[in-house]
Amino acid sequence: MSLRRRTIRHRVWGALAALLGLAVLLVAASGLAVVPETAADERLSLQATACASNSSPEPTDDCLHVRPARVAGIVIRDEPKYEEFTLRLLKAPGLPDEIDMGSAGPLLEHLTPGEEVTVTLWRDYAVSVAREGTVQNTADTPEGEAVCVTAVALALISAGAFLLHTGGSAFVRARTWVGDGVPAVLVVRAKWALGSALCALPALVLGDLSGRGPVAEIVAWCVMVPLVRRYLRRQFGRVHGRHARPLATRSPMR
């Protein structure tokens, strides 16, 4: 293959990678943009009390209202690689068709089709199900959504930044890469992106345990990412020879 064709090929995949990285970063930014609203919903749901009038609450009312429902079916699957604890209800106005119960007990495993239950709703969330004094909180709540959305966004930032920078470098330096080969430092950059994405998991745990939510989660992630970078730079500094040539001549890890 001629030098010109190989250069064009590098520029094509570089442009595609850069565009994909930009798209991923836009998705991450969209996720972070909804975090404040999601966190506010979580606070409101935890502070919610029973509605003053249970007859016709609006979907936006920040209070708890109870609706009778009838069981249509139960799905319980507790396998090593797959779990499902779903309560299916007969169709009725204002009620969901299915509720993720989160676990089999204390109520779900004892229900049978046709039985009547009461469902406690907050907005369009079915937060608990009760029958004859036994109450089971469901997994259908806004609790924890903010930290989960933040964790996904942080992981996407890592992936998007890697794709955008690598793709842009491939596009701009295509001729150099064709002549000298793709620099081995891309492996280090990929490890940094992967490590940064994985840092979102302990950051999520820390944010949840601290009670500070997404704010503590972002701070923890911002602290961990430079530590991953420093570790990789030390490892990279031990490599000598042609394969140690950096991606950009001025900064091996920038």
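**A walk through the chain**

Of the 254 residues in this chain, 38% are buried. Keep in mind as you look around that this is a predicted model. The accessible surface of the chain adds up to about 15000 Å², and carbon and sulfur atoms account for 59% of that. As for how the sequence folds back on itself, take the contacts between residues at least 6 apart in sequence: 63% of them join residues at least 24 apart.

Now for the secondary structure. The chain has six helices and six strands, and reading along the sequence you get α-β-β-β-β-β-β-α-α-α-α-α. In other words, a helix comes at the start, then the strands, then the other helices.

Let's begin with two helices that sit on either side of the strands in that pattern. Helix α1 covers residues 3-47 and helix α2 covers residues 145-172; their axes come within 7 Å and cross at roughly 160°. An angle over 145 degrees counts as roughly antiparallel, so α1 is roughly antiparallel to α2. The crossing of this pair is left-handed. What sort of residues make up the contact of α1 with α2? They divide into 24 nonpolar, ten polar and three charged.

Further along the chain there's another helix pair to look at. Helix α4 (residues 185-198) and helix α5 (residues 200-210) have axes that come within 4 Å and cross at roughly 20°. Angles under 35 degrees count as roughly parallel, so α4 is roughly parallel to α5. Here S196, A197 and L198 from α4 meet A200, L201 and P202 from α5. By type, the residues of this contact are five nonpolar, one polar and no charged.

L198 deserves a second glance. This leucine lies in helix α4, and with a relative accessibility of 49% L198 counts as partly exposed, because the exposed class takes values over 50%. L198 is also 44 residues from L154 in sequence, while the C-alpha atoms of the two are 9.3 Å apart in space.

Back to the strands, with T120 as a place to stop. T120 is part of strand β4, residues 116-122. Is T120 buried or exposed? Its relative accessible area is 16%, so T120 is buried, the cut-off being 20%. And what does T120 touch, once you leave aside its neighbours within four places in sequence? The contacts are L64, H65, V66, Y125, A126, V127 and S128.

The loops around these strands hold some backbone details you may want to check in a torsion plot. In the loop between β3 (98-100) and β4 you'll find P106, and the peptide bond from G105 to P106 is cis, with omega near 10°.

Move on to the loop between β4 and β5 (125-131), and you meet R123. R123 isn't a glycine, yet its phi is positive, near 55°. Its relative accessible area is 23%, so R123 is partly exposed.

The loop between β5 and β6 (134-137) holds E132, another non-glycine residue with a positive phi, this time about 50°. How much of E132 is accessible? The relative accessible area is 71%, so E132 is exposed.

How values were computed
Residues are numbered from 1 along each chain as its sequence is written. This is a predicted model: local features need pLDDT of at least 70, side-chain atom pairs count only at pLDDT 80 or more; totals for chains, interfaces and linings use all residues. Side-chain values use heavy atoms; hydrogens and water are left out. Axes are lines fitted to C-alpha atoms, for helices over the stretch in contact, and angles run from 0 to 180 degrees between N-to-C directions. Angles under 35 degrees count as roughly parallel, over 145 as roughly antiparallel, 65 to 115 as roughly perpendicular and the rest as oblique. A crossing is left-handed if the near helix is turned anticlockwise from the far one by less than a right angle, and right-handed if clockwise. Ala, Val, Leu, Ile, Met, Phe, Trp, Tyr, Cys and Pro count as nonpolar, Asp, Glu, Lys and Arg as charged, and the others, Gly among them, as polar. Buried means under 20% relative accessible area, exposed over 50%, partly exposed in between (1.4 Å probe, protein chains only). Contact means heavy atoms within 4.5 Å. Accessible areas come from the Shrake-Rupley method with a 1.4 Å probe; for residues, only the protein chains shown count as cover.
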